Amino acid sequence: MKFRPANKIQDLQYFGEFGGVNPSISDSATYTFLSAKTMLDTFEGQADGCYLYSRHTSPSNLYLGEALAAMEGTETANVAGSGMGAITATILHFCGAGDHIVSSRTIYGGTYAFLKNFAPRFNVNTSFVNITSLDAVEAAINENTKIIYCEAVSNPLLEVADIRGLAKLAKKHGLQLLVDNTFSPMSISPIELGADVVLHSLTKFINGTNDTMGGVVCGSQELIDAMRSVIDGSAMLLGPSMDSLRSASILKNMRTLHIRIKQHSKNAAYLAEKFEDLGLKTVYPGLPSHPSHELFKTMINEEYGFGGLLTVDFGSLEKANALMELMQKENLGYLAVSLGFYKTLFSAPGTSTSSEIPEDEQKEMGLSDGLVRFSIGLDNDIERTFRMMRRCMNKVGILESEPQETL
Ligand SMILES: *Cc1c(COP(=O)(O)O)cnc(C)c1O
């Protein structure tokens, strides 16, 4: 049977304390106990339904976590104050001194910098590979390898990971497959395809209003319990906790996630096709020209499309910058990092979100100067948006001929 992430979320029923249609917000950092014995039991992890301190967890954080776990089809989840908070705590849960990671080389700049520059301080070392080559992934595995790390759809190059193939490799070698699904919530369900753990930056599509940071790790009860352990849990001890007020607001935004993703995908697919028709070097997983288009089709939850992200290579940083400045002036979007907003966001990853990656490595992975990443917004009239974008491209000399139609 098809996996339906939005149905799973909607099948959860929460009531507020006084019959509210939204769950009550647990606006407390600490919690009382009716008996001293229960306090001890709770610290030892044996008093279900009791709360001890909000760095550990809170009712509001559990509500949000359960919705995210339902979306990804995991037993449970643990929310964090940012995507990096969830990612780093999870990696440090699985890996200690002497352990090794095989990671995609095209991943979020912060994750790349953590694996490349920070984790080696703990003698946790990473081999960065071309994730689209299962042979390259397998060749990089050694006897110390603990995890395979990738993004379902990668930042910023929109490479698509063969999650089924990677899961087989992980099983064969006794590894955990961790998938960052920030770019493709709802469209791809990594657990269904064999992944062990799913991570998200909630800051992007899932919250969708760019008013807060957030992150989550979705996995087994055993994993989340271990990460929350007061004795040696990475989430508990590193403390990337989310505030309850924020988890309540993110949960409310999740109510419309399925509708937003459909609109982001529809708009991005329209623009990608038009851009490609203009002869622009466009990368979008929904285009048949994308090297992993067919693979994506084998993994997709169809109704949500191929996502809201696309890239165009405008040839040079100067042209890319001129275009982005003009598009912002024309109110077509914002020159900003991040993604998943109602408004289109654009940036040149080589000089922004991926600037942590040294220039020669950027070249090797195909990240060129003139590359612009677009997170396409929820525009109601995407045809008008396209006409206006085309006019901007004309003005900055990216396109040769003046289009005939008037706006
Ligand atoms: C933004 C992002 C992150 C980091 O999340 P924060 O919420 O900014 O900490 C991780 N992975 C991907 C793919 C991202 O886009």
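**Ligand shell and largest pocket**

User: At what distance from an oxygen atom of the ligand is an N or O atom in the side chain of K204?
Analyst: In this predicted model, K204 is among the residues that come nearest to the ligand. A pair of N or O atoms within 3.5 Å counts as a polar contact. The N or O atom in the K204 side chain and an oxygen atom of the ligand are separated by 2.7 Å.

User: How much of the accessible area that the ligand has on its own does the protein cover?
Analyst: Backbone atoms also approach the ligand: an N or O atom of G83 lies 2.8 Å from a ligand oxygen, and a polar backbone atom of M84 is 2.8 Å from an oxygen atom of the ligand. On its own, the ligand has 380 Å² of accessible area, and the protein covers 95%.

User: Which helix gives the largest share of the shell around the ligand?
Analyst: The shell has 14 residues, which divide into five nonpolar, three charged and six polar. Three residues form the largest share, and they come from helix α4 (residues 83–94).

User: Which element gives the largest share of the lining of the largest pocket?
Analyst: The largest pocket holds about 530 Å³ of space. Its lining has 22 residues, with G45, D48, H56, D225 and R228 closest to the centre. The elements that give two or more residues to this lining are α2 (36–43), α3 (59–72) and α8 (221–228). The largest share is three residues, and the element that gives them is α8.

User: How many residues of the lining of the largest pocket are charged?
Analyst: The lining residues fall into three groups. Eight are nonpolar and nine are polar, while the charged residues number five.

Definitions and conventions
Residues numbered from 1 in each chain as written. Predicted model: local features only at pLDDT ≥ 70, side-chain atom pairs only at ≥ 80, totals over all residues. Heavy atoms only, no water. Near = heavy atom within 4 Å. Polar contact = N/O pair within 3.5 Å; in protein donor to acceptor, adjacent residues only side chain to side chain. Areas by Shrake-Rupley, 256 points an atom, 1.4 Å probe, with all protein chains shown as cover. Helix = DSSP H or I, 4+ residues; strand = E, 2+ residues; numbered from the N terminus. Nonpolar A, V, L, I, M, F, W, Y, C, P; charged D, E, K, R; others polar. 1 Å grid on protein atoms, 1.4 Å probe; cavity = no way out; pocket = protein on both sides within 12 Å on 5 of 7 lines; lining within 4 Å. Points joined across faces, edges and corners; volume = space filled by probe spheres on them.
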